[in-house]
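Me: I would like to go through this structure with you, one site at a time. Could we begin once it is on the screen?

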Amino acid sequence: MNKKYLIWDFDGTLGYREGRSWAMVLIEVLDRQMPGHSYSADQLAPHLRTGFPWHMPERPHTYIISADQWWAEMTPVFVAAFDALGVGVADPVLARNLARQIRPTYCNPDRWRLFDDTLPVLDELAARGWTHILLSNHVPELAIFMDAVDLSARIAAVFNSAIMGYEKPHPAAFRGVLEIVGDSRPVWMIGDNITADVFGAAAVGIPGVLVRRPDERAERFCADLWQVAALVEDAHGPGDSSRD
Ligand SMILES: [Mg+2]
């Protein structure tokens with residue numbers, strides 16, 4: 001039977017971590033370890049704009065084969081961010097110890113949230129016959145966060161860059177999705193990153209919808225997921241499989 005598929009990004013699209021930014025995670029660690037410190041997320045942010053796997057999507061990381069290894073690769077990035085602010089300038093071991101606490105802090109399942117429209121829209125679309133797939137550039141622990149926010153049971157398959165070794169928009173990041181979707185139509189990719197989600201999907205033949213963060217280059221933009229539901233149902237309503 002021909003199925004209809006929606007491929008969802010996770011972060012910034014369906015859910016988010018409280019605080020939203022990596023800089024806030026580093027601040028959380030500092031708050032705990034150095035109460036009364038005077039560093040800010042704004043000071044840290046510029047030092048966290050490179051060095052993550054998704055900042056180098058052209059570079060596969062299939063050599064990373066465990067979550068421990070994934071986080072070990074990140075340690076120098078966190079240490080450098082602390083160093084840049086002069087944290088631990090008098091104590092060289094401090095920045096490393098702080099960096100080591102970023103993983104458990106970031107991965108605290110209690111800090112993960114879904115947007116208010118996520119579950120109602122996913123459930124409504126599932127009732128209308130859509131199958132949900134998730135394709136995310138993320139940390140290895142994504143499945144744990146999905147469980148914590150009640151998302152896992154609603155998603156038929158999850159493709160996580162940390163496990164695949166390819167970051168969107170690398171075409172190989174879409175390989176697993178394409179294997180499931182095959183020739184089934186309609187299919188849409190929905191995400192908040194025009195490059196990774198929309199352009200990445202377009203390059204492998206999947207039309208994309210940009211959500212939540214407008215960009216003038218987007219052919220289709222929806223401010224929220226209810227608009228996405230309306231768009232995909234309008235484009236491919238019952239008895240109409242001919243229109244794009
Ligand atoms: Mg995103």
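The exchange below goes through the metal site, the pockets and several individual residues of this predicted model.

Me: Which residues are the protein donors of the magnesium ion?

Reply: Asp 9 and Asp 192 each donate through OD, and Asp 11 donates through O. These donors lie 2.1 to 2.2 Å from the magnesium ion.

Me: And how are the donor residues spaced in sequence?

Reply: The spacing is D-x1-D-x180-D.

Me: Is Asp 9 buried or exposed?

Reply: Asp 9 counts as buried because its relative accessibility is 5%, and the cut-off for buried is under 20%.

Me: What about Asp 11?

Reply: Asp 11 has 26% relative accessibility, so this residue counts as partly exposed.

Me: Now the pockets. How much space lies in the largest pocket?

Reply: The largest pocket holds about 890 Å³. Its lining consists of 29 residues, and those closest to the pocket centre are Asp 11, Trp 54, Asp 192, Asn 193 and Arg 213. Two of these names have come up already, since Asp 11 and Asp 192 are also donors of the magnesium ion.

Me: Which helices and strands each supply at least two residues of that lining?

Reply: Strand 2 (15–17), helix 1 (22–33) and helix 10 (194–203) each do so.

Me: Which domains does the lining of the largest pocket draw on?

Reply: At least three residues of the lining come from domain 1 (4–16 + 112–235), and at least three come from domain 2 (19–110).

Me: How do the residues of that lining divide into nonpolar, polar and charged?

Reply: The lining of the largest pocket has 13 nonpolar, 7 polar and 9 charged residues.

Me: And the volume of the second largest pocket, what is that?

Reply: The volume is about 180 Å³. Among the residues that line the second largest pocket are Gly 51, Pro 53, Met 56, Arg 59, Trp 70 and Glu 73. By class, the lining divides into 7 nonpolar, 2 polar and 2 charged residues.

Me: Changing topic: where is Glu 141?

Reply: Glu 141 is placed in the loop between strand 4 (130–136) and helix 7 (142–148). Its relative accessibility is 9%, so Glu 141 counts as buried.

Me: What does the side chain of Glu 141 make a polar contact with?

Reply: The partner is the side chain of Trp 71, at 3.0 Å.

Me: Staying with helix 7, is Ile 144 buried or partly exposed?

Reply: Ile 144, which lies in helix 7, counts as partly exposed at 44% relative accessibility. Its C-alpha is 9.8 Å from that of Trp 112, and the two residues are 32 residues apart in sequence.

Me: Then Thr 118. Where is that one found?

Reply: Thr 118 is found in helix 6 (residues 118–127). The relative accessibility of Thr 118 is 0%, so it counts as buried.

Me: Which backbone oxygen does its side chain reach?

Reply: The side chain of Thr 118 reaches the backbone oxygen of Leu 14, at 2.7 Å.

Me: On to the backbone. Which peptide bond involving Pro 169 is cis?

Reply: The bond from Lys 168 to Pro 169 is cis, and its omega is near 5 degrees. Pro 169 sits in the loop between helix 8 (161–164) and helix 9 (175–181). A cis peptide bond also joins Arg 185 and Pro 186, with omega about 5 degrees. Pro 186 belongs to the loop between helix 9 and strand 6 (187–191).

Me: What is the phi of Asp 150?

Reply: Asp 150 has a positive phi of about 70 degrees, although it is not a glycine. This residue is in the loop between helix 7 and strand 5 (157–160). Asp 150 is exposed because its relative accessible area is 52%, and exposed means over 50%.

Me: And the phi of Arg 212?

Reply: Arg 212, which is likewise not a glycine, has a positive phi near 70 degrees. Arg 212 is found in the loop between strand 7 and strand 8 (221–222).

Me: One last residue: where is Gly 208, and is it buried or exposed?

Reply: Gly 208 is in strand 7 (residues 208–211), and it is buried, with a relative accessible area of 6%. Gly 208 and Glu 219 are 11 residues apart in sequence, and their C-alpha atoms are 8.3 Å apart in space.

Key
Residues numbered from 1 in each chain as written. Predicted model: local features only at pLDDT ≥ 70, side-chain atom pairs only at ≥ 80, totals over all residues. Heavy atoms only, no water. Donors = N, O, S within 2.8 Å, 3.2 Å for Na, K, Ca; no water. Buried < 20%, exposed > 50% of the residue type's maximum accessible area, 1.4 Å probe, protein only. 1 Å grid on protein atoms, 1.4 Å probe; cavity = no way out; pocket = protein on both sides within 12 Å on 5 of 7 lines; lining within 4 Å. Points joined across faces, edges and corners; volume = space filled by probe spheres on them. Helix = DSSP H or I, 4+ residues; strand = E, 2+ residues; numbered from the N terminus. Nonpolar A, V, L, I, M, F, W, Y, C, P; charged D, E, K, R; others polar. Domains from an automatic or database assignment. Polar contact = N/O pair within 3.5 Å; in protein donor to acceptor, adjacent residues only side chain to side chain.
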